[in-house]
Amino acid sequence: MKKLLVLLLVVLLAIFAFTGCDGVVPGEGEGEGEGEPETVKQVVLVEAFVAADCGNCSVVIPHLDQLAEEYGRDEMILVELIPWGLYAIPEAKQRRAWYSVNKELTNILFNGGRLLWGKPKYTIIKSRIDIQLALTPKVSIQASRTEDGLTSIISGTIKNISDNTLSDLVINGMAFGKRGKFDYAVRRIFEDEKVSVASLAAGESKTFTLTLEDINWDGFNLDGVIFVQSTGDKTIRQSLFIE
């Protein structure tokens, strides 16, 4: 009889340990999933420097357009920066110079690096995108846009989701839309509105607001991208598509 009581006590203690004091099995009930880390996907910003009179561009642009459709903007965001000729904007020429790109067009950068130029094949471009997608993201971005007449306001938050402090960052962006044969032609780079972040500790967040005047976003049916970039090595840490 004594052995039976001891056995029953052991069984009861085991049940109590498994279910907890409220009798709910871990992983079941309304608390399921709480405390799990947020899943953040790496996004690749593909910056293609192109021009209307560029022979290489007529070969490469169809590859880029196809890849933009295949991946979708939650994985790849394509922008076409035109530094000279038809549809050129001064900011595109300045950004190309900032990257110290002196190769023949087309110039393609993937998250600020891994330059391709000339007329690379579809498979080569795709492999560069896949390399970036395989990296662990260091930053998350949440943002939205509102419009008041010809003024667009983009507000949001960036967060350092890595284990290390990130330094010398900028929160920048671009507005782009169809111009001639360019479906992703950049109309404006937010150089004057960009926000500098001297350092961002692990787990730290920072809110930001970019006020863009005289842009007529909805009137020109524009899309946009917000990105966090290191000014030192020019790596783009994360990007977010903005409608």
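**Disulfide**

I started with the cysteines and found Cys54 bonded to Cys57 through a disulfide, S to S 2.3 Å. This is a predicted model, so I take that distance as a computed value. I looked for others, but the structure holds one disulfide. I then checked the handedness of the link between Cys54 and Cys57: the angle about the S-S bond is 85°, and the link is right-handed. Are these two cysteines buried or exposed? Both Cys54 and Cys57 come out buried.

**Asp65**

Next I went to helix H2, residues 55–71, which is where Asp65 lies. I wanted to know which side chain of opposite charge is nearest to Asp65. That turned out to be Lys178, 7.6 Å away, so no salt bridge forms, since one needs a nitrogen within 4 Å of a carboxyl oxygen. Asp65 is buried all the same. I listed its contacts too, skipping neighbours within four places in sequence: Leu78, Glu80, Asp183 and Tyr184.

**Strands E1 and E2**

Two of those contacts, Leu78 and Glu80, sent me to strand E2, where both sit on one side together with Met76. On the other side of E2 I found Ile77, Val79 and Leu81, and the residues of both faces are all buried. I noted the count as well: six of the six residues of E2 are buried, so I wrote the strand down as mostly covered. How does E2 run relative to strand E1? The two are parallel, with six bridges joining E1 (residues 44–49) to E2. For a register mark I noted Leu45, which stands opposite Ile77 in E2.

**Hairpin E7–E8**

I moved on to strand E7, residues 166–179, which runs antiparallel to E8 and is joined to it by five bridges. The two strands make a hairpin with two residues between them. I looked at the backbone in the turn and found that Gly180 has a positive phi of about 60°. Met174 stands opposite Ile189 in E8, which I kept as a register mark. I also asked myself why E8 is largely enclosed by the rest of the structure. The reason is in the burial count: six of the eight residues of E8 (residues 182–189) are buried.

**The three-stranded sheet**

Then I traced an open sheet of three strands, in the order E5-E6-E10, with antiparallel pairing. The edges are strand E5 (139–148) and strand E10 (205–212), each pairing on one side only. I looked up the twist, and it averages 15° from one strand to the next. Between E6 (residues 151–160) and E10 I found eight bridges in the antiparallel sense. In that pairing Gly156 stands opposite Phe208 in E10.

**Salt bridges**

How many salt bridges does the structure hold? I got nine. I went through a few of them.

- Asp223 and Arg73: their side chains meet at 3.3 Å, N to O. Asp223 is in strand E11 (residues 223–230) and Arg73 in the loop between H2 and strand E2 (76–81), so this pair ties together parts 150 residues apart in sequence. I also noted Arg73 as partly exposed, at 31% relative accessibility.
- Lys194 and Glu191: these meet at 2.9 Å, N to O. I have Lys194 as partly exposed with a relative accessible area of 34%, and Glu191 as partly exposed at 30%.
- Arg237 and Asp233: the closest N and O atoms are 3.8 Å apart. Arg237 is buried at 17% relative accessibility, whereas Asp233 is partly exposed at 48%. I also looked for bridges that share partners, and Arg145, Glu147 and Asp218 are joined that way into one network.

**Glu104**

Last, I looked at Glu104, which sits in the loop between helix H3 (90–98) and strand E3 (107–110). Why does Glu104 count as exposed? Its relative accessibility is 51%, and the cut-off for exposed is over 50%. I checked what comes up against it, again leaving aside neighbours within four places in sequence, and got Asn56, Trp117 and Gly118. For Gly118 I also took the backbone separation: the C-alpha atoms of Glu104 and Gly118 are 5.9 Å apart, with the two positions 14 residues apart along the chain as the offset.

Technical notes:
Residues are numbered from 1 along each chain as its sequence is written. This is a predicted model: local features need pLDDT of at least 70, side-chain atom pairs count only at pLDDT 80 or more; totals for chains, interfaces and linings use all residues. Side-chain values use heavy atoms; hydrogens and water are left out. Two strands pair if DSSP finds at least two bridges between them. Helices (H or I, at least four residues) and strands (E, at least two) are DSSP runs, numbered from the N terminus. Axes are lines fitted to C-alpha atoms, for helices over the stretch in contact, and angles run from 0 to 180 degrees between N-to-C directions. Buried means under 20% relative accessible area, exposed over 50%, partly exposed in between (1.4 Å probe, protein chains only). Lys and Arg count as positive and Asp and Glu as negative; His and the chain ends are not counted. Contact means heavy atoms within 4.5 Å. A disulfide is a pair of cysteine sulfur atoms within 2.5 Å.
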